[in-house]
Amino acid sequence: MIKEQALKYLGYHHQDIPNSFHHLYDECEKEVKEYSNFKVVYKVLALSDDLMIDELNIKMDFEDTRFYLKGCHQMMLIAATLGVSLERRLKYMQKIDMSKAVIMDAIASSYLEYCLDEYEKILDIKNRTFRFAPGYGDVPLYLNKPFAKYLDIYKHLGVTLSDHYLFIPQKSMLGFIGIGKSQKSRQCGHCIRKEKCLLRKENKRCWID
């Protein structure tokens, strides 16, 4: 799963890949895992029928959230990071070997998603949606700020936000999961953009099983 998604981030779609690249990839993945320190924090909030989070005084009234969260009675906020050691290693590699740095960056993004997916399996949440995040679709990125404050990600994860609501360390994320509706898997048929998706027209997809 990690490799398949990382290759997509690198722009590969079913092309033949030389053995030399596979060897380099394996070396990069090993290094990413070595320097990663996965941490996670989450909380569950009540969600009203009109998608209001009373505890935060935030209404999740956007086209995407109306589509994905309708019918949910709770919303989980979850944040995670791979830590500062990996961040430093990626910056170091950018100075000495840019090709390797690009591959490691893609692997790190995929590895973070993988770690979160595996963590969510342990939680075993029934009747849930798949994970979504501010900055995707029409859900504004600025929601990272109140969500991050509520989860206290600096205290629990050592993660801060830039003035543009981006995470530091970069290989960190914050997402939300609707609880009360069974839509755990990402499927093209469940997507709000299924009729307009350029990837789908090319027989590609943005997710993997």
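The largest cavity in this predicted model has a volume of about 40 Å³. The structure holds one cavity of 30 Å³ or more. Rolling a probe the size of a water molecule over the atoms shows where empty space is left. The lining of the largest cavity is made up of Tyr68, Leu69, Thr129, Phe130, Phe132 and Phe176. Five of these lining residues are nonpolar, one is polar and none is charged.

Phe176 leads to the sheet, since β7 spans residues 172–179. Strands of a sheet pair through backbone hydrogen bonds, either parallel or antiparallel. Here three strands form an open sheet, and the pairing is antiparallel. Their order is β1-β4-β7. The edges are taken by β1 (39–46) and β7 (172–179). Each has a single partner strand, so one side of each is left without a neighbour in the sheet. From one strand to the next, the twist averages 15°.

The pairing of β1 with β4 can be followed in detail. Strand β4 covers residues 74–81 and runs antiparallel to β1. Eight bridges join the two strands. Lys39 stands opposite Thr81 in β4.

Two helices lie across the sheet strands. Helix α5 lies across β1, β4 and β7, and runs at about 135° to β4. Helix α6 (residues 144–151) also lies across β1, β4 and β7. The angle of α6 to β4 is about 85°.

Leu56 has contacts in both the sheet and α6. This residue lies in the loop between β2 (52–53) and β3 (58–59). Neighbours within four places in sequence aside, Leu56 is in contact with Leu45, Leu77, Phe147 and Tyr150. Leu45 falls within β1 (39–46), and Leu77 within β4 (residues 74–81). Phe147 and Tyr150 fall within α6 (residues 144–151). Leu56 and Tyr150 are 94 residues apart in sequence. In space, their C-alpha atoms are 8.0 Å apart.

Helix α5 also packs against α4. Two packed helices are described by the angle between their axes and the distance between the axes. The axes of α4 (residues 84–96) and α5 (residues 98–123) come within 6 Å. They cross at roughly 155°. An angle over 145° counts as roughly antiparallel, and α4 and α5 are therefore roughly antiparallel to each other. On the α4 side, the contact is made by Leu86, Arg89, Leu90, Met93, Gln94 and Ile96. On the α5 side, Met98, Lys100, Ala101, Met104, Asp105 and Ala108 take part. The residues of this contact divide into eight nonpolar, one polar and three charged.

Note on methods: Residues numbered from 1 in each chain as written. Predicted model: local features only at pLDDT ≥ 70, side-chain atom pairs only at ≥ 80, totals over all residues. Heavy atoms only, no water. Axes fitted to C-alpha atoms, helices over the stretch in contact; angles between N-to-C directions. Helix = DSSP H or I, 4+ residues; strand = E, 2+ residues; numbered from the N terminus. Parallel < 35°, antiparallel > 145°, perpendicular 65-115°, else oblique. Contact = heavy atoms within 4.5 Å. Nonpolar A, V, L, I, M, F, W, Y, C, P; charged D, E, K, R; others polar. 1 Å grid on protein atoms, 1.4 Å probe; cavity = no way out; pocket = protein on both sides within 12 Å on 5 of 7 lines; lining within 4 Å. Points joined across faces, edges and corners; volume = space filled by probe spheres on them. Pairing = 2+ DSSP bridges.
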